[in-house]
Structure formats: C-alpha cells, structure tokens
Amino acid sequence: MSAPKRQDTRKLFENLSGQGKSIGVLTSGGDAQGMNAAVRAVVRMGIYVGAKVYFIHEGYQGMVDGGANIEEASWESVSSMLQVGGTVIGSARCKAFRNREGRLEAARNLVLKNISNLCVIGGDGSLTGANLFREEWSGLLDELVQKGAIGEEAARSNSVLHIVGMVGSIDNDFCGTDMTIGTDSALHRIIEVVDAIMTTAQSHQRTFVLEVMGRHCGYLALVSALACGADWVFFPEMPPEDGWEDNMCQKLSENRADKKRLNIIIVAEGAIDSHNKAITPDYIKDLVVRNLGFDTRVTILGHVQRGGTPSAFDRILASRMGVEAVLALLEASAGTPACVVSLVGNQAVRLPLMECVQMTQEVQKAMDEKKFEDAVRLRGRSFENNLTTYRLLCNHKADSELPHSSFNVAVLNVGAPAAGMNAAVRSAVRVGIAEGHKMFAVSDGFEGFYKGQIKEIKWGDVGGWTGQGGSLLGTKRTLPGKHLEQIAQQMAAHNINALLVIGGFEGLESVLQLYEARERFEEFCVPLCMLPATISNNVPGTDLSIGADTSLNALVETCDRIKQSASGTKRRVFIIETMGGYCGYLATVGGLAAGADTVYIYEEPFDIRDLQGNVEHLTEKMKTTIQRGLVLRNENCNENFTTDFIYQLYSEEGRGVFDCRKNILGHMQQGGSPSPFDRNFGTKVAAKAVQWLTKTMKESFKGGRVFANSEDSACLLGMRRRAMLFQPVAQLKDETDFEHRIPKEQWWLKLRPLMKILAKYKTSYDVSDSGQLEHVGRFRAKEGDSSATI
C-alpha cells in the first residue's frame, strides 16, 4: 500500500521529529462525544513521531494533584477508545487551578515528567486557563527553582510551554471553528428523540415542546429545528419580538388547519425574550393549552445529548484535529502563540487561541447589550447561514402575500437513492414558493420526465419530508440522452423555466447532456442546477455529497458491532466489503472512523506483496493486547483481488495466528433515515440552489421568456474546501474520469496516510496543507455568501 511517487514540492512530516519531546494530553470541562478519538489521535501520532505522550487524568485537577494522574500512554492503551462516548481519561472542574498556587503545583508536576507540550481538549474556559498557564510559565518555573522544588537544568530544558487546543463542546459555542467536537453527535441524540416523538405525537395530534442544551448558544436548537422541520424555535441569540405569543399560536393553529397532525417546538435552555426574561418549556406549554386547547407535552432532553457513541463525523473531525494538534506542537517555536486547531468548511486550520476566546466573549457581550444581530454575525458564517435558511423555510405566507413571479421550476431526483434527498426537495419547493415561483415535481427521474409524470407541488405536500430516507419523488438511473425530444416537449408543455436535478454521478451526466443539447432544443436554454446526492461521494466539483454522511454512520455502526463481537473470541480478523463503485471514499473515511487496520481502494493500486505485508502487520498486532483486526475493501478496488480472494488469502496466511470472517454490507449503506448532517446539508444547499436559479432566471428573462445558453447557466453546486461554489458542468468535464465514474482529483486521499499512521503503518504524510497560523475574521459572515459550512 505504498503512496504514489510524485515531484517532491511537499512539506513532509518525516522532517518533523518528536524525539526528546513529551506531550501531555488532557480533557477538561464538560465531556463531549469524540474526545476519546482526539486523545487516541494525539497519543498515536505523538508516539509515531518519537515523542513520549502522557495522559493527564481528570483534567486540570489531575495536573495539580500529579502522581498517578500523569501516566505515560502506550499505543495499546488507546485501543477500543474510538467508539466510546465521553472521555475515558476523565474530566473535572478544578477550583485549585484558578489560583496561582494550584498552577504552581501543576507546573512542578509537568516539569517532573519533562512535559512542555500540552494538548488541551475542552471548551473556552479550559482553553483560557491553558493560555494563562502558558503566560505565567516562566514565572512559575523561576518560583519553583527558588523554592528548590525543581532544579535549574529542569527549568532550562522546559523553559517554554507550548499549548495547542481542540474544542470539545456539544454546544458549538466557540468562535473560529465551524464545528466543535461533540456537536454532531449531540445532534444525532436530539434527532433520534425528535423522530421517536413525532410518531407518538402524530398518533394523538399532540404538540411537543422539547428543551435542548445551549445555555448561551442556540446552535443545537437552531440546527435541530432545521433538521426536523420544527414549527417554532427559541434560542438566546435571536429573542422573539414582542407579541410572539400570538404569532406562534396563530402559526400552530394554521398548521393544524393544513391537516398537520403534530407540532414541534424546540427551546434552547438559555432562551430569552427581548426583555431578557427566560422562555421556559412550561411557559410555552401553558400558553398553547390556554390559547389553543391543544394536547401539549414537554420533554427535556438533558444529559442524553452528551451521551452515546460518537458519530462518524465527530470521530473523523477529532482524529484530523488530534493529528493536526501534534503537528502544531512539533512546529511550535518560543514565539508561537497558543493556538486552536479548528475546522473551516472542510479544511483544518490553526487560529490564535486568545483571538477565538475574545470573539466568543464578544458574542456574550453583544447579547448582554441586546445587539442580537451582531451576536449572530460574531457566531460565524455557519450559524448565520442556518438562521437565514430557517427563516426562509418557516415563513409560510398566504398565497396573496407571496411575491408573484411567472416562473415555473421543476425538481427531480436522478440515480440511486441517497438519504437527505427528500430534505433537499422540501427545501427547494418551499424556498421556490416563498420566492413566488410555481414548483413542479417530476416522479422517477428523467424516465418520469419523458413520460409526463410532472405535477405541481405545494408547500404542504412536502411537510414531514426532512426525516424520510430514500427518495419520495422516486428516482431512476435513466439518462435524458435517448429521450431529449420527449423531454423538450414536456418542458414546453409545462413551461418549465428552470430545472433542479438532485442526484449522483448520473445527475451530472444528465445536466451535461441537456447542456450539450441546447443547440438542438431551445427548451433546454434555461438555468440548470445540479446538487450532488450520492452515498459514494464520487461527483466531481464537490468535497461532500448529500447522503454520504448517513452512509458513513451506517458503515461505522456496523463495524463497531462487528468489532464488539470479536472481544470475546480474540484473534479474529474481519474483512468487510463496502459500496462506492470505483470511489474509495466510503471505505477510506469509514476506515478512519472505525479504526480499520487496512483499507483497499481502486485509487491506490495494490499487489500481492502489499497483501502479504498487511497479513504480516496483523500477525504482529496479534502478539499485542489488541487481538482483533478490521479490513475494509471497496467493492471495485480490484477485479482479481475479490473479497473472497482476500478472505481466503488472510485465512491461509493467518492460519494458527488468527481466523477470519467476512461481511458484505450491501444496501444497508443506502437505507435508513438521514443523519442530522445530511438533513441540514440538503436543506441548505437546496435553498442556495433555488436562490441562484431565481437570480439566473431574472437575469436571462428577455422578450417575455427565459433564455439562458451560457456555460455558467448550467452549474453544479458543490463544497470546495471552505466555500460553496456554483461550477459550470462543462468545466467539470475535464476533472472527471467518466469510465470509472470518479473525479480525477479527490481531497480525501490525503486522509489515507493519517488512517495508516493511526493503524501503525510507516508511511509518507504530506502536511503542506497543515495550517500556517491564521487570524479570526471579524464578522466573517459578511464576506459574501460563500459559506461551505454546515
């Protein structure tokens, strides 16, 4: 499994050595799912580069108490941590560390172990404490030398304390990062509960008021409201205007009149009105019962949100951040400020810790001063985009109040079903109606299109679609190429002025075929937009596709269960086949999230010597305390080295050392209800796409009709690193390997060395992308609408 050779303009981490360095890792403050994945990544990356890594148990309390609380970590000691929620090294609130005497004791305990590099995983309080500790460090050492608690040589060799932070907080309340470790998993818990409540609420026509965590930050409330299509949401950054009680009751009443059998209201625990008065679930319940007489129940989710297994997203985020944190510590010099490693769009960045903390504190200050619009902007692009989308989707006006356009927009699904497609369709339909368009739904993709299965779709028709898996419109792999004439006739008959295609690789091919047929059929000279929705994540022009996150979670959950089954038998290796066509995204990223030993994919050719090397690697592993193995194989990675072949080879070569089992996961990766990420991603990209279609239709409206035949009027909307971009499909043609249905360049291949390092393979790792220290953008939300964030 050797990395392909190329011109070496890269910055390789082999040049960064940890020899002679000691790194301490601690988790502090409230626990969050994914913290263990971050600890595991720090320990293994640290050991890999030759450093000593120490667990600091019970957070700052363990640092102050010292002794057995500061324990050297080994490679095996972080095994089986990846799938465990909370933090296995413990976390505690520590009063002693707030005083100088406590920090003095902590400094002594670190110097005794020669630890001068700290990786702190926690919230803004924990990270602020770490920065203060760093600023006081040299003074603390001087004092310890004077007291004779440490020697001068020890003080000299540990003269600088380097600190790198990772934000572990389910509230996502830290400025400078789009997602904190634990937020996605907390959303999973909330959505699981909401989905369960919806079935009982529907049975009895009930209203449910749900309280979610978020004392100072409404991210969980806002995103879960978006992801489940809640009727109303309350959160601290945007108090409702005076008179909200009547407005809310009117909306709930209208929804019931529209034959909606249930109402969901989501309240953040820190929700307030415009006079800073708390809005509690019980107050809302009493209000609804008094004014409307609806059967209303309250559910307070509480610590359920902190618990459970980390989601695939949190495991990958934490693993990437953990590796990045070790790199940042290796590269730190005496003048490097304490930094946090964070996520912007799909890219890991390093930001000065105190800039992030100050901005986080400014949010609270803005809220205290009732400057709520400022507070929302300070929260960052992700938060502001969520709020904008929520307002668009939940502001259902009467037909007479809507702007009126003469435009007709058609929506269809193409290719295999992917979870999140329905959320995207719902969002597209509602935003289109809010902008005054007539929206049409096409059943069964282009097959239904040429057969005339096209009908108008109204606001209420897509109610409750967000949480549904598969494709409610119906989807087929049929391409339009052979039926262009009939499709053009249907476009003319229904006067379709724009087309939104939601689908996988076939979706891209379809939009390309329509674009290329514009010379022959004027009906296709309308704005065309494609949203990537496929579990394989194999569409060029985007880093992520709708549906891939749900599929990853299904894959990782299954791998967890399979690994669990080996805990009793020992010495067992599982070979698991994943879907994805020729694209190795699911296998690679799933392998990183599930802690796989080896992953075979088409993009990285391998031969019999590599297979032999992998068997030997597992044989060595069986001599340690970790006596199980996990091997993932993408379904089309090699036509000769089939799953059966690899299973038989491993069984034969491992005879007497380990036994093998094989699993082909198949279509379970395609099913299930969409993850919060896919619901939110689908909702936001579809809203953005319809706004683009509206703008393009208006710009190309001439002589009483829409006529758009330029290259940039047929686009794919995709996430590229930090931005959401509309890219002409004609330009994406050159970036595509049509034979294997994959992009020629794929960002996630950079994660493969990281996966191998965490599985103890020697490999080359290109760290050119690793962050130079950046600065936190002020009011970043005003930098245009290029947000990629979810």
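1. Let's start with helix α11, residues 353–368. With 16 residues at 1.5 Å a residue, α11 should span 22 Å, and its end C-alpha atoms are 23 Å apart, so expectation and model agree. Please keep in mind throughout that this is a predicted model.

2. Which residues of α11 are buried? They are Leu353, Cys356, Val357, Met359, Thr360, Val363, Ala366 and Met367. The cover over these buried residues includes α4 (124–146), β10 (339–344), β11 (347–352) and α12 (372–379). Just after α11, Lys370 adopts a positive phi of about 60°, in case you like to look over backbone angles.

3. Two of the strands that cover α11, β10 and β11, also belong to an open sheet. Seven strands make up this sheet, in the order β3-β2-β1-β4-β5-β10-β11, and their pairing is mixed. The edges are held by β3 (70–72) and β11, each with a single partner strand, so one side of each has no neighbour in the sheet. On average, neighbouring strands here are turned by 25° against each other, direction ignored.

4. Within that order, β1 is listed beside β4. Strand β1 (residues 22–27) and strand β4 (residues 117–122) run parallel and are joined by five bridges. One residue pair to look up is Thr27, whose bridge partner in β4 is Ile121.

5. Now for the charged contacts. How many salt bridges does a search of the whole structure find? The search gives 35. One of them links Glu324 and Arg350, with the closest N and O atoms 2.8 Å apart. Glu324 sits in helix α10 (residues 312–331) and Arg350 in strand β11, so this pair ties together parts that are 26 residues apart in sequence. Are these two residues buried or exposed? Buried means under 20% relative accessible area. Glu324, at 5% relative accessibility, therefore counts as buried, and Arg350 is buried as well, with a relative accessible area of 6%.

6. Two further salt bridges involve residues that are not buried. Glu456 pairs with Lys458, their closest N and O atoms being 3.9 Å apart; a salt bridge is counted within 4 Å. Glu456 is partly exposed at 32% relative accessibility, and Lys458 is partly exposed with a relative accessible area of 46%. The side chains of Arg609 and Asp607 also meet in a salt bridge, at 2.8 Å from N to O. Here Arg609 is exposed, with a relative accessible area of 62%, while Asp607 counts as partly exposed at 26%. Elsewhere, salt bridges with shared partners connect Arg477, Glu506, Glu509 and Arg741 into one network.

7. Strand β13 (residues 438–442) deserves its own point. Why is β13 described as largely enclosed by the rest of the structure? Because four of its five residues are buried. Strand β12 (residues 408–414) pairs with β13 in the parallel sense over four bridges, and Val411 has Ala441 as its bridge partner in β13. Together with helix α14 (residues 421–434), β12 and β13 make a right-handed β-α-β unit.

8. β13 also pairs with strand β14 (residues 454–456): three bridges join the two, and they run antiparallel. In this pairing Val442 stands opposite Ile454 of β14. Strands of a sheet pair through backbone hydrogen bonds, either parallel or antiparallel. β13 shows both senses, being parallel to β12 and antiparallel to β14.

9. β12 has a further partner in β16, which runs parallel to β12 and is joined to it by six bridges. Val414 of β12 finds its bridge partner in Gly503. Strand β16 (residues 498–503) is mostly covered, with six of its six residues buried. In a regular strand the side chains alternate between the two faces of the sheet. In β16, Ala498, Leu500 and Ile502 point one way, Leu499, Val501 and Gly503 point the other way, and all are buried.

10. Finally, β16 continues the parallel pairing with strand β17 (residues 528–532), joined to β16 by five bridges. Val501 stands opposite Met530 of β17. Helix α17 (residues 505–516), together with β16 and β17, makes a right-handed β-α-β unit, and the unit of β12, α14 and β13 is likewise right-handed.

Key: Residues are numbered from 1 along each chain as its sequence is written. This is a predicted model: local features need pLDDT of at least 70, side-chain atom pairs count only at pLDDT 80 or more; totals for chains, interfaces and linings use all residues. Side-chain values use heavy atoms; hydrogens and water are left out. Buried means under 20% relative accessible area, exposed over 50%, partly exposed in between (1.4 Å probe, protein chains only). Two strands pair if DSSP finds at least two bridges between them. A crossover is right-handed if, with the strands pointing away from the viewer, the path from the first strand over the helix to the second runs clockwise. The expected span of a helix is 1.5 Å times one less than its number of residues. Contact means heavy atoms within 4.5 Å. Axes are lines fitted to C-alpha atoms, for helices over the stretch in contact, and angles run from 0 to 180 degrees between N-to-C directions.
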